[in-house]
Amino acid sequence: MTREEKEIIVRDLSEKLANNSFVYITDASDLTVATINKFRRLCFDRGIEYKVYKNTLIRKALDTLDVDTSSLDVALKGSSGLLFEATTGNAPAKLLLDFRKGGNKKPLLKGAYIDSSIYIGEEQLDTLSKIKSKEELIGEIIGLLQSPAKNVISALQSGGNVLAGVLKTLSEREQ
């Protein structure tokens, strides 16, 4: 690979890293061609991009970000594939877990860069799979905000019926 080709790859990878808030670094070494093709197909079906890069090119692309990513150096050893997802932080983690349900032990999670937060190691996979998306959090907040308002409205409505009944009874009594 020539120097110019490497520079083009680093520039393209830098753009992908800047445009995707959720990047997972995986180790898919020792997988057969059929297994890795099955994994790539699952990625494609779920709208997640998977690509293998050289660690030095990944490091150079990470250096272009305005964030300190030096703690990811531990993950940049051996074979490294990147999973890119632009909208949901837990989608790649769920994809890895679902793929393993089929009896595969790899790809392993080496690290993840999620909204300027860095997660290192396979043991973070369960945590990452439980991260809620922005839409899920907004939905929960709206639900929490609506709940007290609904309670007040229903109390006023039911109270109004009771109050009207009491007033009607009292007015009938006086006659």
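## Close-up views of a predicted model

**View A. The buried side of helix α2 is covered by elements that include β2 (49-53), β3 (80-85) and α4 (91-100).** This is a predicted model in which local features need pLDDT of at least 70 and side-chain atom pairs count only at pLDDT 80 or more, while totals for chains, interfaces and linings use all residues. Residues are numbered from 1 along each chain as its sequence is written, and side-chain values use heavy atoms, with hydrogens and water left out. Helices (H or I, at least four residues) and strands (E, at least two) are DSSP runs, numbered from the N terminus. Buried means under 20% relative accessible area, exposed over 50%, and partly exposed in between (1.4 Å probe, protein chains only). A contact means heavy atoms within 4.5 Å. The buried residues of α2 are T35, I36, F39, L42 and C43. Seen down the axis of α2, they fall within an arc of 115 degrees, so they line one face of the helix; the arc is that of the directions from the helix axis to the C-beta atoms. An α-helix has 3.6 residues a turn, so residues three or four places apart point the same way. On the other side of α2 you will find V33, A34, R41, F44 and D45, which are exposed.

**View B. Helix α2 has the length its residue count suggests.** With 13 residues (33-45) at 1.5 Å a residue, α2 should span 18 Å, and its end C-alpha atoms are indeed 18 Å apart. The expected span is 1.5 Å times one less than the number of residues. Just after α2, G47 takes a positive phi of about 75 degrees.

**View C. Helix α4 is mostly covered.** Seven of the 10 residues of α4 are buried, namely A91, P92, A93, L95, L96, F99 and R100. They pack against β1 (22-27), α2, β3, β4 (108-114) and α5 (125-129).

**View D. Y24 sits in strand β1.** Y24 has a relative accessible area of 0%, so Y24 is buried. Leaving aside residues up to four places away in sequence, Y24 touches many partners, including L82, L83, P92, A93, L109, I114 and L128. The C-alpha atoms of Y24 and S80 are 9.8 Å apart, although 56 residues separate the two along the chain.

**View E. Helix α3 (residues 55-63) and the loop after it also hold buried residues.** In α3, N55, L57, I58, R59, A61 and L62 are buried, and what covers them includes α1 (3-19), β2 and β3. T69 lies in the loop between α3 and β3 and counts as buried because its relative accessibility is 2%. R59, L62, Y113 and I118 touch T69, not counting residues up to four places away in sequence.

**View F. One cavity of 30 Å³ or more is enclosed in the structure.** A cavity is a set of points, on a 1 Å grid over the protein atoms alone, where a 1.4 Å probe fits but cannot get out; a pocket is an open set with protein on both sides within 12 Å along at least five of seven lines; lining residues have an atom within 4 Å of a point. Grid points are joined across faces, edges and corners, and a volume is the space filled by probe spheres set on the points. The largest cavity holds about 40 Å³ and is lined by L17, V23, I25, I58, L62, L72, L82 and Y113. β1 and α3 each supply at least two of the lining residues. The lining has eight nonpolar, no polar and no charged residues. Here Ala, Val, Leu, Ile, Met, Phe, Trp, Tyr, Cys and Pro count as nonpolar, Asp, Glu, Lys and Arg as charged, and the others, Gly among them, as polar.

**View G. The largest pocket has a volume of about 150 Å³.** Of the 13 residues that line this pocket, F22, D115, K132, S133 and K134 are the closest to its centre. The lining divides into six nonpolar, four polar and three charged residues.

**View H. Two loops carry less usual backbone geometry.** Most residues other than glycine have a negative phi, and most peptide bonds are trans. D30, in the loop between β1 and α2, has a positive phi near 70 degrees. D30 counts as exposed because its relative accessibility is 73%. The peptide bond from K106 to P107 is cis, with omega near 5 degrees, and P107 lies in the loop between α4 and β4.
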